Amino acid sequence: MKKTGLALGGGAVLGAAHVGALRAIDDFDIRINYITGTSIGAFVAAFFAFGKNWKEIKDIALKLKWIDITGISLSRYGLLSNEKLGELIIEHIGHKNIEDSDIPLAMVATDVASGEKVILDKGSLADAVMASTCIPGIFKPVEINGKMLVDGGVVENVPINTVRKMGAEYVIGVDLNAKYIYKKPDNILDVIINSFHFVMQQSDKLQTEDADLLIKPDLSTFSKSDMSQVDELMKKGYEDSKKALKKFA
């Protein structure tokens with residue numbers, strides 16, 4: 001059997017659909033040998049790589065509120081801090097390093113000084129998740145090894161190439177934005193998230209072509225910032241992933 005890699009993409013609150021994808025993967029009894037994540041995909045990938053199954057991740061996600069993952073930042077680099085995301089990782093997994101994971105794990109961030117892709121595959125798990133999920137303009141950047149890091153979606157929103165380089169011979173990607181229909185923003189958060197995702201749309205299409213199987217859940221009716229939809233997003237992610245995984249070879 002080929003070694004299978006899973007690449008979970010970014011998409012803010014739409015990331016709840018990743019939990020549905022993990023449930024479908026469990027239904028098909030597909031063994032994941034490597035996992036990568038960008039932005040919210042890194043958050044979900046971290047839990048999965050450290051032995052949390054989809055039910056446990058679902059319970060964590062259902063309890064989350066926007067206020068639980070943000071804090072006011074006094075930084076000149078961002079309106080908010082996402083340190084609470086790191087605290088959630090520590091609460092449920094502990095003070096772990098990425099290399100301690102049960103499944104080999106890597107997360108993608110962007111060096112905001114150079115624009116280069118930074119692959120986080122060792123060191124503090126909590127810090128790496130914070131860096132990868134650091135939406136520019138909303139959250140203050142995270143400093144790791146002297147680099148100022150922000151959301152990996154700028155450089156590789158669905159980290160297919162990254163998981164292939166880890167050793168995956170068959171790659172399953174989950175692209176939360178492929179069928180997304182943008183709407184008039186309701187708030188400043190929507191304005192920033194929409195603008196950010198417009199920037200990476202074109203590169204997203206090119207990068208995802210390298211997946212052996214690409215799951216593209218239709219999340220067009222959902223908002224990227226409304227956390228009251230988490231349960232419905234998980235269900236939709238599950239339904240659409242199940243259909244796509246019938247092609248798994």
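## Handedness first

A crossing of two helices is called right-handed if the near helix is turned clockwise from the far one, and left-handed if the near helix is turned anticlockwise by less than a right angle. Keep that in mind as you look at this model, which is a predicted one.

## Helix α1 against α8

Let's start with α1, which covers residues 17-27, and α8, which covers residues 230-245. Their axes come within 6 Å and cross at roughly 40 degrees, so α1 and α8 count as oblique to each other. As for the handedness, the crossing of α1 and α8 is right-handed.

Who does the touching here? On the α1 side you'll find Ala 17, Val 19, Gly 20, Ala 21, Arg 23, Ala 24, Ile 25 and Asp 27. They meet Leu 233, Met 234, Gly 237, Tyr 238, Ser 241, Lys 242 and Leu 245 of α8. Sorted by class, the residues in this contact of α1 with α8 come out as 9 nonpolar, 3 polar and 3 charged.

## Helix α1 against α3

Now look at α1 and α3, a helix made of residues 54-62. The axes of α1 and α3 come within 9 Å and cross at roughly 165 degrees. Angles over 145 degrees count as roughly antiparallel, so that is the label for α1 and α3. This crossing of α1 and α3 is left-handed.

From α1, the contact uses Val 19, Leu 22, Arg 23 and Asp 26, and from α3 it uses Trp 54, Ile 57 and Lys 58. The classes in the contact of α1 with α3 are 4 nonpolar and 3 charged residues, with no polar ones.

## His 18, tucked into α1

Another α1 residue to find is His 18. Is His 18 buried or exposed? Its relative accessible area is 0%, so His 18 is buried. Leaving aside residues up to four places away in sequence, His 18 touches Leu 8, Gly 9, Gly 41, Val 44, Val 174 and Leu 176.

## Salt bridges

Side chains of opposite charge can pair when their charged atoms come close. How many salt bridges does the structure hold? There are 10 salt bridges in the structure.

One of them takes us back to α1 and α8: the side chains of Asp 27 and Lys 242 form a salt bridge, at 3.3 Å from N to O. Asp 27 sits in α1 and Lys 242 in α8, so this pair ties together parts that are 215 residues apart in sequence. Asp 27 is partly exposed, with 39% relative accessibility, and Lys 242 is partly exposed too, with 31%.

## More charged pairs

Lys 140 and Glu 83 also form a salt bridge, with their closest N and O atoms 3.6 Å apart. Lys 140 is in the loop between β7 and β8 while Glu 83 is in helix α4, so the pair links parts 57 residues apart in sequence. Lys 140 is partly exposed at 27% relative accessibility, and Glu 83 is partly exposed at 39%.

Then there's Lys 117 with Glu 156, a salt bridge whose closest N and O atoms are 2.9 Å apart. Lys 117 belongs to strand β6 and Glu 156 to the loop between β9 and α6, so the two tie together parts that are 39 residues apart in sequence. The partners contrast in exposure: Lys 117 is partly exposed, at 34% relative accessible area, whereas Glu 156 is buried, at 3%. Finally, Arg 164, Asp 210 and Asp 212 are joined in a network of salt bridges.

Notes:
Residues are numbered from 1 along each chain as its sequence is written. This is a predicted model: local features need pLDDT of at least 70, side-chain atom pairs count only at pLDDT 80 or more; totals for chains, interfaces and linings use all residues. Side-chain values use heavy atoms; hydrogens and water are left out. Axes are lines fitted to C-alpha atoms, for helices over the stretch in contact, and angles run from 0 to 180 degrees between N-to-C directions. Helices (H or I, at least four residues) and strands (E, at least two) are DSSP runs, numbered from the N terminus. Angles under 35 degrees count as roughly parallel, over 145 as roughly antiparallel, 65 to 115 as roughly perpendicular and the rest as oblique. Contact means heavy atoms within 4.5 Å. Ala, Val, Leu, Ile, Met, Phe, Trp, Tyr, Cys and Pro count as nonpolar, Asp, Glu, Lys and Arg as charged, and the others, Gly among them, as polar. Buried means under 20% relative accessible area, exposed over 50%, partly exposed in between (1.4 Å probe, protein chains only). A salt bridge is a side-chain nitrogen of Lys or Arg within 4 Å of a carboxyl oxygen of Asp or Glu.
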